[in-house]
Amino acid sequence: MNISLTNNDAVSGILKMEIVKADYAGQVEKSLRSFRQKANIPGFRKGMVPMGMIKKMYGKHVTAEEVNKVVSENLYKYIRENQLNILGEPLPNETEQKEIDFDTDENFDFYFDIALAPEINVTLNKKDKLSYYQVLVDDDMLEKQINSYKANYGSYDTVEDVEEKDLVKGTLAELDENGQVKEGGIVVEDAVLMPMYMKDEEERTKFLGAKVNSVIVFNPNKAYEGSEAELASFLKVEKDQVAGITGDFSFEIKESTRHKEAELNQELFDKVFEEGTVTSEEEFKNKIKEQLAEQFEPQSNYKFLTDARQLLVKKAGDLQFADAFLKRWLLLSDEKKTPEQVEEEYPKIIEDLTYHLIKESIVKKNEFKVEDADIEEFAKKVAKSQFAQYGMMSVPADVLDNYAKDMLKNKETLQNIIDRVVEEKLASWLKEQVKLDVKEVTTEEFNKLFE
């Protein structure tokens, strides 16, 4: 067998594969013997069919199959061994390729078109300037986070009267037109309400200041006007029954529970962070600032790389691509695509491909390596960020470890994290190569950058 590459130009070529009988004959013979052992043909005992008959029946099919295996295996082996950076997949050449006849031919020539990635040469220096947006953790953001902790780690106390935000439990009973408990009417033991969620002010006011064990007469239909789902849930009935329930109900208050915010003290510090991590209000605030700033770092890096993309593409210059081949490959790789769609989408595809090749070139030249430790550390950062979205800013190390390990069991998630680790390394490298213009912005200003 002989494989050779003839370059059409810098970004395309033709691979010629010359296959002789010796390259596939042994495997064909082995496959035919296997067919003979299994063949069940009338007039012959199993395994005793003449080989000549087997060759006549299966020879062409087996030869074609084994030749195609040789082609496939050696085509990609040649590409790997010669480190050809191809784009797309090799495609059968439409001009050089002659018709193959497996009945008469013993030696075969195959021709494949390939597209080669253009050479990338990007050089950066301190004359190149890029903005890096650093989100300011202002007093308002800090205060909101502290208040969130005080609320999350607060307590619920039983009280004797009712305020707007209290959780009130009691017995709900439907009344008749005489103000008496309606026979066969709706009764809900352990009904729960919170006055602040009542939409009608007059009905809400009836509960404010009421004492435990007192009975309030009110109209749920008015109280929850416009919210059938909420009213149905409160009355424990089906949604389609709500329209017919317009009368008054009594509510005997059994219990009123009030949320009390946690105090800003050592007990709260130890609940939010590991015990002993911070020992003063100032340390507590500084620690929260650090964590809030850390949450914005991935977004800042993303914005930085988005801006860097334009510079890198400009530095790479005008790159040549095997346009005709790539359009043909795109059309063949997706049967649903029309030539018109490929033509329309092609500029954006080349734009994305250009940036991908630039990144790939930088990663290769600078020998960026993604170690297991990098993947695990980044997975923990992702896990930490996800917990933070639910107000859980300080999660025990063992919980983070286990959560991260579960994430990495998913192949798609693992690949996504590897890609993001590479992007982080790229961002770090770029920051060292160019002059950074660090701009401190508010969260509002930062969010507007993505509009």
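Visitor: How many Å² does the protein chain expose, and what part of that comes from carbon and sulfur atoms?

Guide: The protein chain exposes about 27,800 Å², and carbon and sulfur atoms supply 46% of it. Such accessible areas come from the Shrake-Rupley method with a 1.4 Å probe, where for residues only the protein chains shown count as cover. Please keep in mind that this is a predicted model, in which local features need pLDDT of at least 70 and side-chain atom pairs count only at pLDDT 80 or more, while totals for chains, interfaces and linings use all residues. Residues are numbered from 1 along each chain as its sequence is written, and side-chain values use heavy atoms, with hydrogens and water left out.

Visitor: Which helices and strands should I expect, and how spread out is the protein chain?

Guide: The protein chain has 14 helices and 11 strands, which are DSSP runs numbered from the N terminus (helices: H or I, at least four residues; strands: E, at least two). Its radius of gyration is 36 Å, well over the 22 Å from the globule rule for 451 residues, so the chain is more spread out than a compact globule. That radius is taken over C-alpha atoms, and the rule is 2.2 Å times the number of residues to the power 0.38. Along the principal axes, the C-alpha atoms fill a box of roughly 105 × 75 × 50 Å.

Visitor: What share of the residues is buried?

Guide: Of the 451 residues in the protein chain, 37% are buried. Buried means under 20% relative accessible area, exposed means over 50%, and partly exposed is in between (1.4 Å probe, protein chains only). As for contacts (heavy atoms within 4.5 Å), take those between residues at least 6 apart in sequence: 71% of them join residues at least 24 apart.

Visitor: Where does Leu312 lie, and is it buried or exposed?

Guide: Leu312 is in helix H8, residues 281–316, and counts as buried at 0% relative accessibility. Leaving aside neighbours within four places in sequence, Leu312 is in contact with Val122, Leu124, Tyr355, Ile358, Ile362 and Leu430. Thr354 is 42 residues away from Leu312 in sequence and 9.7 Å away in space, C-alpha to C-alpha.

Visitor: Which residues of H1 are buried, and what do they pack against?

Guide: Start with the length: helix H1 (residues 25–38) has 14 residues, which at 1.5 Å a residue should span 20 Å, and its end C-alpha atoms are 20 Å apart, in agreement. The expected span is 1.5 Å times one less than the number of residues. Val28, Ser31 and Leu32 are buried in H1. Seen down the axis, the buried residues of H1 fall within an arc of 100°, so they line one face of the helix; the arc is that of the directions from the helix axis to the C-beta atoms. Gly26, Lys30 and Gln37 are exposed on the other side of H1. The buried residues of H1 pack against H2.

Visitor: Which residue's side chain joins that of Glu66 in a polar contact?

Guide: Ser31 does: a polar contact of 3.1 Å joins the side chains of Glu66 and Ser31. The term stands for a pair of N or O atoms within 3.5 Å; within protein, one must be able to donate a hydrogen and the other to accept it, and residues adjacent in sequence count only if both atoms are side-chain atoms. Glu66 lies in helix H2, residues 51–81, and is buried, with a relative accessible area of 4%. Apart from its neighbours within four places in sequence, Glu66 is in contact with Gln27, Val28 and Ser31.

Visitor: How do I read H12, and which of its residues are buried?

Guide: The 12 residues of helix H12 (residues 397–408) should span 16 Å at 1.5 Å a residue, and the end C-alpha atoms are 17 Å apart, which agrees. Leu400, Ala404, Met407 and Leu408 are the buried residues of H12. They cover an arc of only 90° around the axis, which puts them on the same side of H12. Their cover includes helix H11 (372–388) and helix H13 (411–433).

Visitor: What is phi for Asn213 and for Lys236?

Guide: Most residues other than glycine have a negative phi. Asn213, not a glycine, has a positive phi of about 80°, and Lys236 has a positive phi near 60°. Asn213 sits in the loop between helix H4 (201–205) and strand S9 (215–218), and is exposed, with a relative accessible area of 57%. Lys236 is in the loop between helix H6 (228–235) and strand S10 (249–260), and counts as exposed at 61% relative accessibility.
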